[in-house]
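Visitor: I would like to go through this model with you and ask, for several of the terms used about it, what justifies them.

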Amino acid sequence: LRKTEFRWAKLYTRKMENGLVVAVIFTLTLGTSVYVATGAVHQGSMSIGTFVLVSAYIIQLIRPLEMIGFAFQDIVQGVAFIEKMTDLLDEEREVDLANDHPPLSIGSSKLVFQNVSFAYDADRRVLQDVNFVVPPGKTLAIVGASGSGKSSLIRLLLRLLDPTKGRICLGGVPLSNISIPILRNAIAVVPQDTALFNDTIAYNIAFGKPGCADEQIAAAAEVADIHDFILRLPDGYGTKVGEGGIKLSGGEKQRLAIARAVIKQPEVFVFDEGTSSLDSKTERAILKNLVKVAEKTTTVVIAHRLSTVVHADEIIVLDHGSVIERGAHDALIQHRGAYAAMWHAQHGAARLLHGEAVLAH
């Protein structure tokens with residue numbers, strides 16, 4: 001901020017200096033012309049009328065020159081501002097293929113990561129030889145410390161990025177052979193930070209499936225355990241949520257995001273800390289409902305709170321972009337590795353906080 005303020009101050013100082021220089025040039029030019037003309041009148045080689053004519057011409061010439069200067073300044077400033085836009089227009093289009101593959105159907109949502117590696121550049125490796133298979137109707141949980149590469153897996157799945165090595169297949173088809181609109185229509189993501197529009201609750205849920213019926217909106221809200229809350233509102237599903245959902249709590253916004261994902265009826269559910277703002281009771285109720293909805297749907301769950309992934313068919317533990325452990329919850333606990341350490345750390349902290357609360361009471 002200080003750097004920006006300094007540059008703006010420097011800009012206005014330069015504009016002041018340039019304006020002062022131009023004003024001095026104009027003043028000296030006008031003064032010199034009047035002085036020469038006055039001498040000519042005094043010598044009798046120029047009449048008073050000619051003197052007035054010369055002075056008027058000079059004054060009329062100065063104003064257009066000033067306007068040209070201001071116009072040039074505006075043009076240069078406009079070019080500077082539009083430079084970012086021209087850079088954006090010069091960007092290559094996002095890679096997309098012709099719609100030569102039919103939309104994926106339920107039952108073909110098998111997700112495969114095969115020797116997937118990814119790096120933003122040579123010195124910043126994010127993922128290294130990640131392998132896993134998620135059959136239709138199964139749930140894969142991905143856990144690990146911050147910066148271990150969990151969110152990068154989701155970006156690769158949505159083709160916001162392409163892997164440096166290896167390939168990702170959905171329904172037996174490499175992602176590179178699936179049209180991006182079809183791919184992203186087959187995946188529903190419940191993010192940690194929900195983006196809501198300044199519109200009604202019904203509109204924000206139906207955004208996942210434009211043109212859906214009111215009954216579908218209500219059914220999705222029931223799965224997300226928010227239907228009863230909406231009915232208690234004065235305007236029900238017509239309640240405005242405010243800019244960015246400011247009128248809702250974090251948990252309510254997250255449940256709307258879950259309802260939006262459910263109504264989409266995707267081939268793949270992705271929960272990127274999708275229940276982090278919910279209390280344990282609400283979280284269990286939603287997970288129970290989602291298990292029913294996602295019977296034939298591939299589900300990927302990214303979580304820091306391990307209580308949300310105990311039901312997963314397989315859990316993989318990432319560390320610095322590599323899979324260091326994998327298996328079901330009970331097997332990983334018995335293994336007494338990194339997952340077990342995280343589990344005991346979280347539950348030990350929870351018991352400690354509970355004990356402190358009891359003592360305080």
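Visitor: Where is Glu 91 found, and why is Glu 91 called exposed?

Guide: In this predicted model, Glu 91 is found in the loop between α2 (48-90) and β1 (111-121). Its relative accessible area is 55%, and exposed means over 50%, so Glu 91 is called exposed.

Visitor: What makes Glu 91 part of a patch of negative charge?

Guide: Glu 91 gathers on the surface with Glu 83, Asp 87, Asp 90 and Glu 92. Asp and Glu count as negative, and a patch takes residues with over 30% relative accessible area; Glu 91, with 55%, therefore satisfies that cut-off.

Visitor: Which residues form the nonpolar patch on the surface, and how do you know that Val 79 is exposed?

Guide: The nonpolar patch is formed by Ile 75, Val 79, Ile 82, Met 85 and Leu 89, with about 510 Å² of accessible area together. Val 79, which lies in helix α2, has a relative accessible area of 51%, and because exposed means over 50%, Val 79 is called exposed.

Visitor: What makes β3 and β9 a pair of strands?

Guide: Two strands pair if at least two bridges are found between them; strand β3 (residues 139-144) and strand β9 (residues 314-319) have 5 bridges in the parallel sense, and therefore they count as paired. One of the bridge partners is Ile 316 in β9, set against Ile 142.

Visitor: How is β9 joined to β10, and what lies between them?

Guide: Strand β10 (residues 322-327) runs antiparallel to β9, and 5 bridges join them, with Asp 319 having Ser 322 in β10 as its bridge partner. The two strands form a hairpin with 2 residues between them, and His 320 in the turn has a positive phi of about 55°.

Visitor: What is the order of the open sheet of 4 strands, and why are two of its strands called edge strands?

Guide: The order is β2-β1-β4-β5, with antiparallel pairing. The edge strands are β2 (124-134) and β5 (173-174), each of which pairs on one side only.

Visitor: How do you know that β4 and β5 pair?

Guide: β4 and β5 have 2 bridges in the antiparallel sense, and the definition asks for at least two, so the pairing is accepted. In β5, Pro 174 is the bridge partner of Cys 169, and the hairpin of β4 and β5 has 2 residues between the strands, with Gly 171 in the turn at a positive phi of about 65°.

Key: Residues numbered from 1 in each chain as written. Predicted model: local features only at pLDDT ≥ 70, side-chain atom pairs only at ≥ 80, totals over all residues. Heavy atoms only, no water. Patch = residues over 30% accessible without salt bridge, like charges linked within 9 Å, V, L, I, M, F, W, Y side chains within 5 Å. Areas by Shrake-Rupley, 256 points an atom, 1.4 Å probe, with all protein chains shown as cover. Salt bridge = Lys/Arg side-chain N within 4 Å of Asp/Glu carboxyl O. Charge placed at Lys NZ, Arg CZ, Asp CG, Glu CD. Buried < 20%, exposed > 50% of the residue type's maximum accessible area, 1.4 Å probe, protein only.
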